[in-house]
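This report introduces one structure to a reader who has not met it before. Please look over the sequence and the structure shown below before reading on.

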Amino acid sequence: MAPVLRVDDLSVSMTSRTGELVPVLENLSFTVDKGRTIALVGESGCGKSMTALAIMRLLPDGFVITGGRVLLDDEDVLTARPRRLRALRGNAMSMVFQEPMTALNPLYSVGDQIAEVLRYHRRLGRADAAEQAVGFLKAVQIPAAEQRAQAYPHQLSGGMRQRVMIAMALACRPKLLIADEPTTALDVTVQAQIFDLLAQLQDETETAIVLITHDLGAVAELADDVAVLYAGRCIETGPAQQLVDRPRHPYTSGLLACVPHLSVGTARPEQWVDLGEIPGMVPSLGARGPDCAFLARCANAGAICRSRPQPPLHDITAGHAVSCWRVAEIAA
Amino acid sequence: MSTLDPSLIVAAAPAALPAAKAASPTKAAFRQFLRSPSGVAGAAMLLVLVLGTLFGPLVYPVDPLDIAGLPFTPPSADALLGTDYLGRDILAGLIHGGRATLMVGAVAALITISIGVTVGALSGFFGGWIDSALVKIAEFFQVLPPLLFAMVLVTLFGQKLTTITLAIGAVSWTAAARLTRAEFMRLRDLDFIKASRAAGAGNAHLILRVVLPNALPPIIVSATLAIGVAILFEGGLSFLGLGDPNTMSWGLMIGQNRNYVLDAWWAVTFPGAAIFLAVLAISLVGDGVNDAVNPRLRRR
């Protein structure tokens, strides 16, 4: 079966003030099958959101796709005409944004906003669309959906709004859902609910999900596969559980070491360890050479890393690929 | 998508929901407007003026262009507000002239806002060369002194009420265009616009159904105030002798009687007061609307 989404060698550049092309995303490839979830993880500025926007063809002004293909059910999104693109967006592929507080139109009730998507893509009548909108609000577990459908975004909490966003994104049963840090702006308790909701809806709809997140806990729980991005390059990719349990790239291990684990009550205070950190910052755009982008921050960097350009991703086991010269030594 | 078991949802609902059904923003703004004393006062004054010009002829059936008595008859029982330099009845002039004046104000404001919003929306939404081109055109209109420009247009195309209305619209749309452009530029990059685009909305839908409604509050306010400005403009043109001599209007009355201010104060004072009251009423309404649609500006 062909994957729902196949991203091949996708490259995105930013046009600088002087007109030069500065690479933002380099040769990114991944696939997502029906009903599966891939998580894109990495620090801010690694190109995660740019990947999402490039797939939707919604890159901001000044950003251009310089190469590669994005196939949605074997249809190339990058060469689609504007008309076709509008038909795909919201219908075959849709997106949930990071900020539920600002991603809803303040002037229309949430029911109307969901109904509008249905009326546009499904050509439903006003009454049918309104009725289905209430159904979707129920499906995302909003209590008293009939009344809530009449509510305006400002009357709902952040978690509620994100549920509305998810309802809107899934209203046309898209093949692909891109969730760009859907829980970053929410309370921790609500975050877990939203991830549960996404997992549950995915079971019902078999939507393929591209999940963009910093939350490595969520990755282990929700994602089937993970691609770790660093400075616009994919540096490790593989099955989620395997990658979280046995990360092979120093950056991935570093990220995992930064996830807090609750020690209170499970260990004595003297056994508590400090939270990890990765010193330094992601190299800024334009400051990325051919050598390993993580070199300057890597504790394991050796002579071989300095003397050669960044290696391509190579499989270490089936489906688990790493871009690191010293992967064999580090694993040992 | 199969929904969850409904019984679960009911169980999860809080026992007593706060009144979730809210008024639409339009209704809420209207209610807020009714709470502003000056706005309501302005609206009432405006209503009186409009009703007066509409139904006045029924109550006071005098032709404003007929000679009703001796020139410069002071206000008396024969002519309630006196007569002008040709002996025409001032009150009849006020009633009939009000129609023309208010109509010119409303239509010219409509033209102003239509051109302004169209130009501003296109240039603010698309940016780039479209924006540059439209801004250049707007600047061309901005650097010409509006009254002089309108005088030229009226002189060229004839002293008719339609010409005057169009001329007023043509010289005063730039402010609305700048306002709309700024609002569109502010809104263009907001998340919910991006979200609409991601849901498949095209440019026309985004402009008309998503961005414009959100940009409306200041536009409505400026549209209201534009009526007042247009009335003053019409008065100014008529005062300078460029009014439509065949249609009675408040501006025309002042313009024609301005040389006799010292002999017949009533001939200019009453139409002047009418213009003053109309513009005041419209400004008060504009303020009320502003308070109603811009809640953030309300607390001063």
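Which residue of strand 10 of chain A stands opposite D225(A)? The partner of D225(A) in that strand is P239(A). The model in which this pair is found is a predicted one.

## The sheet of chain A

The pair belongs to a wider arrangement of strands. Chain A contains an open sheet of eight strands, ordered 6-7-8-3-9-10-12-11, and its pairing is mixed. Strand 6 (93–96) and strand 11 (314–317) of chain A are the edge strands, each pairing on one side only. On average, and with direction ignored, neighbouring strands of this sheet are turned by 25° against each other.

The table lists four strand pairings of chain A.

| Strands of chain A | Sense of pairing | Bridges |
|---|---|---|
| Strand 6 and strand 7 (residues 176–180) | parallel | four bridges |
| Strand 7 and strand 8 (residues 208–213) | parallel | five bridges |
| Strand 9 (residues 225–230) and strand 10 | antiparallel | six bridges |
| Strand 10 and strand 12 (residues 320–322) | antiparallel | two bridges |

### Around strand 7

Strand 7 of chain A is joined to strand 6 of chain A and also pairs with strand 8 of chain A. On the side of strand 6, M95(A) stands opposite I178(A), and V96(A) has A179(A) as its bridge partner. On the side of strand 8, L177(A) stands opposite I209(A). Between strand 7 and strand 8 of chain A the chain passes through helix 7 (residues 188–205) of chain A, and this β-α-β crossover is right-handed.

Why is strand 7 of chain A described as largely enclosed by the rest of the structure? Five of the five residues of strand 7 of chain A are buried, so the strand is largely enclosed by the rest of the structure. In a regular strand, side chains alternate between the two faces of the sheet. In strand 7 of chain A, L176(A), I178(A) and D180(A) point one way, while L177(A) and A179(A) point the other way; all are buried.

A helix also meets this part of the sheet. Helix 6 (residues 158–170) of chain A lies across strand 6 and strand 7 of chain A, and runs at about 175° to strand 6 of chain A.

### Around strand 10

Strand 10 (residues 233–239) of chain A is mostly covered, with six of its seven residues buried. Strand 9 and strand 10 of chain A form a hairpin that has two residues between them. In the turn, A231(A) has a positive phi of about 50°. Strand 10 of chain A also pairs with strand 12 of chain A, where A321(A) stands opposite T237(A).

## Chain B

Chain B has twelve helices and zero strands. Its pattern along the sequence is therefore α-α-α-α-α-α-α-α-α-α-α-α, each helix being a run numbered from the N terminus. The radius of gyration of chain B is 25 Å, well over the 19 Å that the globule rule gives for 300 residues, so chain B is more spread out than a compact globule. Along the principal axes, the C-alpha atoms of chain B fill a box of roughly 90 × 50 × 35 Å.

Of the 300 residues of chain B, 42% count as buried. Among contacts in chain B with a separation of 6 or more, 70% are between residues 24 or more positions apart.

One residue may serve as an example. A223(B) lies in helix 9 of chain B. Is A223(B) buried or exposed? With 21 other C-beta atoms within 10 Å, A223(B) is buried, because the cut-off for a buried residue is 20 or more. Leaving aside neighbours within four places in sequence, A223(B) is in contact with A109(B) and I113(B). A223(B) and G286(B) are 63 residues apart in sequence, and their C-alpha atoms are 8.4 Å apart in space.

## Where the chains meet

The contact takes 36 residues from chain A and 26 residues from chain B. On the side of chain B that touches chain A, the elements giving two or more residues are helix 1 (6–12), helix 8 (191–198) and helix 9 (203–239) of chain B. The largest share of that side, six residues, comes from helix 8 of chain B. By class, the side of chain B that touches chain A has 17 nonpolar, five polar and four charged residues.

Conventions
Residues numbered from 1 in each chain as written. Chains lettered and ligands numbered in written order. Predicted model: local features only at pLDDT ≥ 70, side-chain atom pairs only at ≥ 80, totals over all residues. Pairing = 2+ DSSP bridges. Axes fitted to C-alpha atoms, helices over the stretch in contact; angles between N-to-C directions. Contact = placed C-beta atoms within 7 Å. Buried ≥ 20, exposed ≤ 12 C-beta atoms within 10 Å, placed from the backbone. Right-handed = clockwise from strand over helix to strand, strands pointing away. Rg over C-alpha atoms; globule rule 2.2 N^0.38 Å. Nonpolar A, V, L, I, M, F, W, Y, C, P; charged D, E, K, R; others polar.
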